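Biologist: Please take a close look at the nonpolar core of this chain and at what surrounds it. I would like one connected account rather than a list.

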Amino acid sequence: MNMAGIILGALALIGSAAGAAAPVPKGAAAPATRGAAAAPLTGGAATYAKWCAPCHAPGVAHPGTNALAAKYKGEKPAVLLEWRDLTPDYVKYMVRNGISVMPRFRKTEIGDKELDALAAWMVQQQHK
Ligand code: HEC
């Protein structure tokens, strides 16, 4: 064996030893899948998650949250579910009529009964 071969062999050994020293923990990806089996949302919570959360969930990536931050400048929370003065009638009016860039929702999208449940659920969230 020439010198280069010996060095390469030694490097390979070091490499494999280093690899063995940092094993990838088994099940490392498990937390990401946790909760996948949780019960699906129902009633107003499900309607909110489907139609409202994409725009009103916390975080600047959500246009509704962004718009409410700009509109009320801290006077009211940017996150709609943190408001304390929502009433069912107000929620229903906004949903059926829309406001600014928020679209109105048709009865084929959110039926009257669904809207009642949604408004009740949203108002209930304020008193938690
Ligand atoms: C496409 C994004 C979008 C969706 C989807 C959306 N909203 Fe909005 N919403 C907005 C924006 C933007 C505003 C702020 C409008 C403005 O600047 O006046 C807003 C404002 C509101 C307001 C407060 C209006 C005010 O200023 O007093 C309510 C209440 C509301 N939305 C309810 C809902 C409900 C309930 C749903 C689900 C059925 C929903 N929104 C879905 C974008 C959205």
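Modeller: A nonpolar core here is a set of buried Ala, Val, Leu, Ile, Met, Phe, Trp, Tyr and Cys residues joined through C-beta atoms within 7 Å. A residue is buried if 20 or more other C-beta atoms lie within 10 Å of its own. The model is predicted.

By that definition the largest nonpolar core has 10 residues: Tyr48, Cys52, Val91, Val95, Phe105, Ile110, Leu115, Leu118, Ala119 and Met122. Helices α3, α5 and α6 each give two or more residues to this core. The largest share comes from α6, with 4 residues.

For context, the chain has 6 helices and 0 strands, and along the sequence it reads α-α-α-α-α-α. Of its 128 residues, 15% count as buried. Among contacts in the chain with a separation of 6 or more, 54% are between residues 24 or more positions apart.

Two of the helices that feed the core also meet each other. The axes of α3 (residues 43-56) and α6 (residues 112-125) come within 7 Å and cross at roughly 95°. Angles of 65 to 115 degrees count as roughly perpendicular, so α3 is roughly perpendicular to α6. On the α3 side the contact is made by Gly43, Gly44, Ala45, Thr47 and Tyr48. On the α6 side it is made by Glu114, Ala117, Leu118, Ala120, Trp121 and Met122. Sorted by class, this contact has 7 nonpolar, 3 polar and 1 charged residues.

Met122 is worth following outward, since it is part of the core and also of the contact between α3 and α6. Leaving aside residues up to four places away in sequence, Met122 touches Gly44, Tyr48, Leu81, Leu86 and Val91. Of these partners, Tyr48 and Val91 belong to the core as well.

Cys52 leads from the core to the ligand. This core residue is one of those that come nearest to the ligand, along with Cys55, Gly64, Ala67 and Met102, out of 20 residues around the ligand. The shell around the ligand divides into 16 nonpolar, 3 polar and 1 charged residues. At least two residues of this shell are supplied by each of α3, α4 (63-72) and α5 (88-97).

The loops between these helices give a contrast with the buried core. Pro58 lies in the loop between α3 and α4 and counts as partly exposed because 14 C-beta neighbours fall inside 10 Å. Apart from residues up to four places away in sequence, Pro58 touches Thr65 and Val79. The C-alpha atoms of Pro58 and Glu82 are separated by 9.8 Å, the two residues being 24 residues apart along the chain.

Further on, Lys73 is found in the loop between α4 and α5. Lys73 is exposed, because 9 other C-beta atoms lie within 10 Å, and the cut-off for exposed is 12 or fewer. Ser100, in the loop between α5 and α6, is likewise exposed, with 7 other C-beta atoms within 10 Å.

Backbone angles set these two loop residues apart from a general pattern. Most residues other than glycine have a negative phi. Phi of Lys73, however, is positive, near 45°, and phi of Ser100 is positive too, near 50°.

Notes
Residues numbered from 1 in each chain as written. Predicted model: local features only at pLDDT ≥ 70, side-chain atom pairs only at ≥ 80, totals over all residues. Axes fitted to C-alpha atoms, helices over the stretch in contact; angles between N-to-C directions. Parallel < 35°, antiparallel > 145°, perpendicular 65-115°, else oblique. Contact = placed C-beta atoms within 7 Å. Nonpolar A, V, L, I, M, F, W, Y, C, P; charged D, E, K, R; others polar. Near = placed C-beta within 6 Å.
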